[in-house]
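This report describes how the interior of a protein model is put together. Please examine the sequence and the structure before reading on.

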Amino acid sequence: MKLRTQFSYNRLWKLLIDRGLKKQDLQKMSHVSAASIAKMGRCENVTTEILLRICEALDCEMQDIMERVEIPNNNEKQKSTEEQ
């Protein structure tokens with residue numbers, strides 16, 4: 001079975017909390033649009049340029065703001081629902 005993955009930005013949101021920053025602060029610091037930050041909140045793709053701006057603004061590395069995570073397979077969701 002082939003696993004599907006996506007990028008999660010939960011590390012970014014935790015980093016903002018740890019530094020006492022809000023998404024609006026990040027937007028101003030990094031010159032990234034609110035739409036791009038909203039896309040990240042939905043785990044959607046953004047360009048590497050946007051990620052680079054965020055890393056530069058927060059003085060961090062890419063792995064500090066994102067990670068690759070598995071997406072549950074729809075068939076597995078159905079099986080676990082049927083088993084209950």
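The report below covers the nonpolar core, two helices that contribute to it, three buried residues, and some backbone features.

**The nonpolar core**

The model is a predicted one. Its largest nonpolar core has 18 residues, and the members that touch the most other members are Y9, L12, M40, I54, L58 and I65. Two or more residues of this core come from each of the helices α1 (10–18), α3 (34–41) and α4 (48–58). Helix α4 provides the largest share, with 5 residues. In soluble globular proteins, nonpolar side chains tend to be buried together.

L12 illustrates how parts of the chain that are separated in sequence meet at this core. Residues up to four places away in sequence being left out, L12 touches L26, M40, I54, L58, D64 and I65.

**Helix α1**

Which residues of α1 are buried? They are L12, W13, L15 and L16. Viewed down the axis of α1, these buried residues fall within an arc of 160 degrees, so they line one face of the helix. An α-helix has 3.6 residues a turn, so residues three or four places apart point the same way. The exposed residues I17 and D18 are carried on the face of α1 turned away from its buried side. The cover over the buried residues of α1 includes α2, α3 and α4.

One buried residue of α1, W13, also takes part in a contact with a charged group. The charged end of K23 sits over the ring of W13, at 4.3 Å from the ring centre. Aromatic pairs, by contrast, number 0 in a search of the whole structure.

**Helix α4**

The buried residues of α4 are I50, L51, I54, C55 and L58. Seen down the axis of α4, they fall within an arc of 135 degrees, so they line one face of this helix. T48 and E56 are exposed residues on the face of α4 turned away from its buried side. On the buried side, the residues of α4 pack against α1, α2 and α3.

**Three buried residues and their contacts**

The next table sets out the burial of one residue from each of three helices.

| Residue | Helix | Relative accessible area |
|---|---|---|
| I37 | α3 | 4% |
| L16 | α1 | 3% |
| S30 | α2 (residues 23–30) | 3% |

I37 counts as buried because its relative accessible area of 4% is under the 20% cut-off. With residues up to four places away in sequence not counted, I37 touches W13, K23, L26, Q27 and V32. One of these partners, L26, is 11 residues from I37 in sequence, and the two lie 8.7 Å apart in space from C-alpha to C-alpha.

L26 is also a partner of L16. By the same sequence limit, L16 touches L21, K22, K23, L26 and L58. L16 and L26 are separated by 10 residues in sequence and by 8.0 Å in space, C-alpha to C-alpha.

S30 is buried as well, with a relative accessible area of 3%. Neighbours within four places in sequence aside, S30 is in contact with R53, I54 and A57. I54 is also listed among the core members that touch the most other members.

**Positive phi angles**

What phi does G20 take just after α1? G20 has a positive phi of about 70 degrees. Two residues that are not glycine also have a positive phi. C43 has one of about 55 degrees, and D59 has one of about 50 degrees.

C43 is found in the loop between α3 and α4, where C43 is partly exposed, with a relative accessible area of 23%. D59 follows α4 and lies in the loop between α4 and β2 (67–71). Is D59 buried or exposed? D59 is exposed, with a relative accessible area of 69%.

**Summary**

In this predicted model, the buried residues of α1 line one face of that helix, and those of α4 likewise line one face. The buried residues of α4 pack against α1, α2 and α3, while the cover over the buried residues of α1 includes α2, α3 and α4.

Conventions:
Residues are numbered from 1 along each chain as its sequence is written. This is a predicted model: local features need pLDDT of at least 70, side-chain atom pairs count only at pLDDT 80 or more; totals for chains, interfaces and linings use all residues. Side-chain values use heavy atoms; hydrogens and water are left out. A nonpolar core is a set of buried Ala, Val, Leu, Ile, Met, Phe, Trp, Tyr and Cys residues joined through side-chain atoms within 4.5 Å. Buried means under 20% relative accessible area, exposed over 50%, partly exposed in between (1.4 Å probe, protein chains only). Contact means heavy atoms within 4.5 Å. The arc is that of the directions from the helix axis to the C-beta atoms. Rings of Phe, Tyr and Trp (its six-membered ring) pair if their centres lie within 6.5 Å; planes under 30 degrees apart count as stacked, over 60 as edge-to-face and the rest as tilted. A charge sits over a ring if NZ of Lys or CZ of Arg is within 6 Å of the ring centre and within 35 degrees of the ring normal.
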